[in-house]
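User: Please take a close look at one part of this model, the annotated domain, and then carry on into the ligand shells, the pocket and the sheet.

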Amino acid sequence: MLQHYDPKQKGATQQNPEHMDFNKDYGTPQSLSENLITLQVDGVEITVTEGTSVLRAAALADINIPKLCASDNLEAFGSCRLCAVQIEGRRGFPASCTTPVEAGMKVTTQNEKIGKLRRNIMELYISDHPLDCLTCPSNGDCELQDVAGAVGLREVRYGFDGHNHLDAEKDKSNPYFTFDPSKCIVCSRCVRACEEVQGTFALTVDGRGFASKIVAGQDDSFLDSDCVSCGACVQACPTSTLMENNVIEMGQPEHSIVTTCAYCGVGCSFKAEMKGDQVVRMVPYKGGEANQGHSCVKGRFAFGYATHKDRIKTPMIRDNIDEQWREVSWEDAIGFAAKRLKEVQAKYGRESVGGITSSRCTNEETYLVQKLIRAAFGNNNTDTCARVCHSPTGYGLKTTLGESAGTQTFDSIRHTDTMLVIGANPTDAHPVFASMMRRRLREGAQLIVADPRKIDLLKTPHLKDAIHLPLRPGTNVALVNSLAHTIMSEGLEDKAFIASRCDDKAFLKWQAFIREERNSPEAMQSITGVDAGDVRRAARVYANAGNGAIFYGLGVTEHSQGSTMVMGIANLALATGNIGREGVGVNPLRGQNNVQGSCDMGSFPHELPGYQHVADDEARGRFEAAWGVKLDDEPGLRIPNMFDAALAGSFKALYVQGEDIAQSDPNTQHVEAALKALDCVIVQDIFLNETAKFAHVLLPGSTFLEKNGTFTNAERRINRVRKVMPPLAGKEDWEVTVALSNALGYEMNYSHPSEIMDEIASLTPSFSGVSYDRLEELGSIQWPCNEQHPEGMPIMHVEDFPIGKGNLAITEYVATDERATRRFPLLLTTGRILSQYNVGAQTRRTENQTWHDEDVLEIHPHDAEERGVNQGDWLGISSRAGQTVLRAVISQRMQPGVVYTTFHHPGSGANVITTDSSDWATNCPEYKVTAVQVEKVTQPSEWQKNFEDFNKKQQDYLKKGRRHRSEEVSR
Ligand code: SF4
Ligand code: SF4
Ligand code: SF4
Ligand code: FES
């Protein structure tokens, strides 16, 4: 019988051209060639793309050749020889994993000789392998066991008597997985996964022949090595040598559900592998377009917070924040919240209340919160945490390119020749994308990093000729202008692109401005601190790259000139024609999982969903008709305005869903004072977070595992979030918002988040083609998705811009007020670390604490020595906003004059020091530059002492509230 496999057959989507079953391992990676080759395997005619291995070609036609050292996310290695086949006209038994297909090839995968050869090989493997299958954690999910069965191994002649590895000691140092070398068959899949997939190179094969073994680092424990606990080696291991501790403890999972990671803006897809409603492990899903089967320590392992004992499972209320909580029913809590909101509005007016949506919640939930505020509260006082991270991206990209979003897919980096990374630290904040970057860098792409710190991407193994531009914090615009000056003054611009794609007038004006001598690298050197020669070299490398791509993060946006800098970045891409095709573009790396989505969903006070301005009569009219209410045509309050209005007495009640503004927003003491000034604070969260300590109503939130919905990642990719367990408190977050709205008298009626998405699609032109059915069909969709782009749009601005032509904007450098002075001679900049996430509420409640259990202050040896500071000393850090105390870590990653910390632990008070200085266009806080002084101290700061007291008191109120309830129940 002849079967025909054709990758171009009907139904193949852009995302899955080979119709792959993402649960199957095809042995070797997909070939990117478009040429087709036809061969015969066991008499079956198969057509595949050129460059495909014989092993993969057979697997695509469901002819499964045994294999052990091959896996379809690793380059073929050819060491185990189990995949041996016979090929007509060739001698011997070539390994099918390392043999590429050829036209007319005739392959035999099974006959007596091949069978005997495979049995002999398996016999050797098994002779040094413990035969404890029944009690092995891999039992039922072991490739070695499967292959032994598949080749028909029935006896092992060599026995265990000689030299063997059966007593090798286990390494349990990693909190999430165990390394049991007695089970290792030295197939090196783990080593290759660490190199090729993760890019860390933490593992090696040590020794030769029978003595060879896998070691981490220089024969260190996994924890002491460079391992970043991404789990790629665990996933690659065909035996139980590398095994998740959860599987060892709980046994094999029994079913799985594909969902999306709730941590960062990469938006990795995972199979939540379950036993009943318990998650056994999260396995990165090969069909996930953003991560393509890879993960980082957070998404892969740090999900234990979902069932942590601190979870709030019952609604709670209290009259003021100096009394204990009372646990009540959902109905009573919602009724109490609605009554308080109505009372406030009756007394202080319609504008006296507002709400904050969450970039961690789903699109559907965020949409509903802003709808609640606009339709039920009757004002536009809605804002989101994107205010404090990527709001300048929205402003800057909309002004220059006409759309507030990144232009590429992550996968587009495979075509990038030069990557310019500005103010981003991908290995820590976007780890899976960083692995893709590292792979491309190993293939020879060039790297330019503009960052005050020597970020880890610069330490990529096998990296050549990287350029680091270690600018002073706060001087981004000066640097980007000097890069653009070099391009324009040296004639490196793309004249054809400018002529056809950019607005003439805007370009000529910008050209005149940027060519001014004051923007030259030489003139800017004294401001940026970066050598003019290095700037010129970087500008040439970027402009001359076939494909130059820019990636940026919060080190760009969180500045007083955040929006200006985003425009400066877009100018660079426009002037060099690096926009509108694979491998190029302007790519903001979003911090939280759904920052893109929360902005898309109309969280900002001036924009309805889909960035439609509230003052646009036609757009507002459509929402009014659909929602059945009159909407305000004036933008409402931004978060900082809400705080100011609260202190001024005109803003009195706030609904906060899934955000912790008391920890994440700058100038903590100002935020705390504002929260204390409110009559009613309603917090919906999974834990008693810092903001909830100032609340009067605490509504239990649900984690991503407990609800249905969608997240939109940094590439505009809408991914499904699927419920894998019931919500611990009985309600998904969207249901709570619906209940609150109904209690306020504005009726909402949905039975499933898919209906909310249908409403979004009907009101938002860029989402008009999105539905849950379509998402099931396509896997994921990159908006815009509409009639013109029914499968979404991976690359934006291919032929034109939404504003017609690219608009180069004038980007005058204006120095920030936050400058080093005699009183505050150092500049503090803040950032993230791999193992923790944002305010740490989730990751602090997992074993990720092993890697980072306190925030520290990184200080250059020169600054440390000047102050007599030693490693581990307590340092008082003061700014004009406040003071806090952190432990010193002396580090060469900083340049002299710059200190650095993270903000993952509330008691460290990093944001007590940050000021309320902010971006001129969007109010995004200037987290990245605070002038500080540092001195040795012996005790915590006043704020830290007060924090401890307040925290203790609030934890006590929570405990008493819970005890009160359990006593009532038992009576
Ligand atoms: S640990 Fe696993 S993947 Fe690594 S060599 Fe041993 S058996 Fe292979
Ligand atoms: S967990 Fe990741 S980083 Fe660590 S050894 Fe395995 S592949 Fe390498
Ligand atoms: S890279 Fe981001 S989305 Fe992916 S697993 Fe890690 S935290 Fe989750
Ligand atoms: S699978 Fe081909 S040699 Fe191991």
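Analyst: In this predicted model, residues 113-152 are covered by the annotation "domain: 4Fe-4S His(Cys)3-ligated-type", which comes from an unreviewed UniProt entry. Over residues 113-152 the chain is 60% helix and 0% strand, and the C-alpha atoms at the two ends of that stretch are 13 Å apart.

Turning to the ligands, ligand 1 has 13 residues around it, of which C184, C187, S188, C190 and C237 come nearest. By class, the shell around ligand 1 is made up of nine nonpolar residues, three polar ones and one charged residue. In those counts cysteine is taken as nonpolar, a convention worth keeping in mind when reading the class figures.

Ligand 2 is surrounded by F177, C194, Q198, L203, F222, C227, V228, S229, C230, G231, A232 and C233. Two elements, α4 (189-198) and α5 (232-236), each give two or more residues to that shell. Its composition is nine nonpolar and three polar residues, with no charged residue.

V228, which belongs to the shell around ligand 2, is also named for the second largest pocket, where V228, D428, D456, I833 and L834 are the closest to the centre among the 35 lining residues. About 940 Å³ of space lies in this pocket. At least two lining residues are supplied by each of α11 (426-429), α12 (431-442), β30 (856-859) and β33 (898-902), and α12 gives the most, with four residues. Sorted by class, the lining of the second largest pocket holds 15 nonpolar, nine polar and eleven charged residues, whereas the shell around ligand 2 has no charged residues.

The sheet, finally, is an open one of seven strands, which follow one another in the order β13-β12-β25-β24-β23-β14-β15 with mixed pairing. Its edge strands are β13 (326-327) and β15 (382-384), each of which pairs on one side only. At the β13 end of the order, β12 (residues 316-317) and β13 pair in the antiparallel sense over two bridges, and within that pairing M316 has E327 of β13 as its bridge partner.

Technical notes
Residues are numbered from 1 along each chain as its sequence is written. Chains are lettered from A and ligands numbered from 1 in the order in which they are written. This is a predicted model: local features need pLDDT of at least 70, side-chain atom pairs count only at pLDDT 80 or more; totals for chains, interfaces and linings use all residues. Side-chain values use heavy atoms; hydrogens and water are left out. On a 1 Å grid over the protein atoms alone, a cavity is a set of points where a 1.4 Å probe fits but cannot get out, and a pocket is an open set with protein on both sides within 12 Å along at least five of seven lines; lining residues have an atom within 4 Å of a point. Grid points are joined across faces, edges and corners, and a volume is the space filled by probe spheres set on the points. A residue is near a molecule or strand if one of its heavy atoms lies within 4 Å of it. UniProt positions are given in the numbering used here, feature names are shortened, and annotations may be inferred rather than shown by experiment. Two strands pair if DSSP finds at least two bridges between them.
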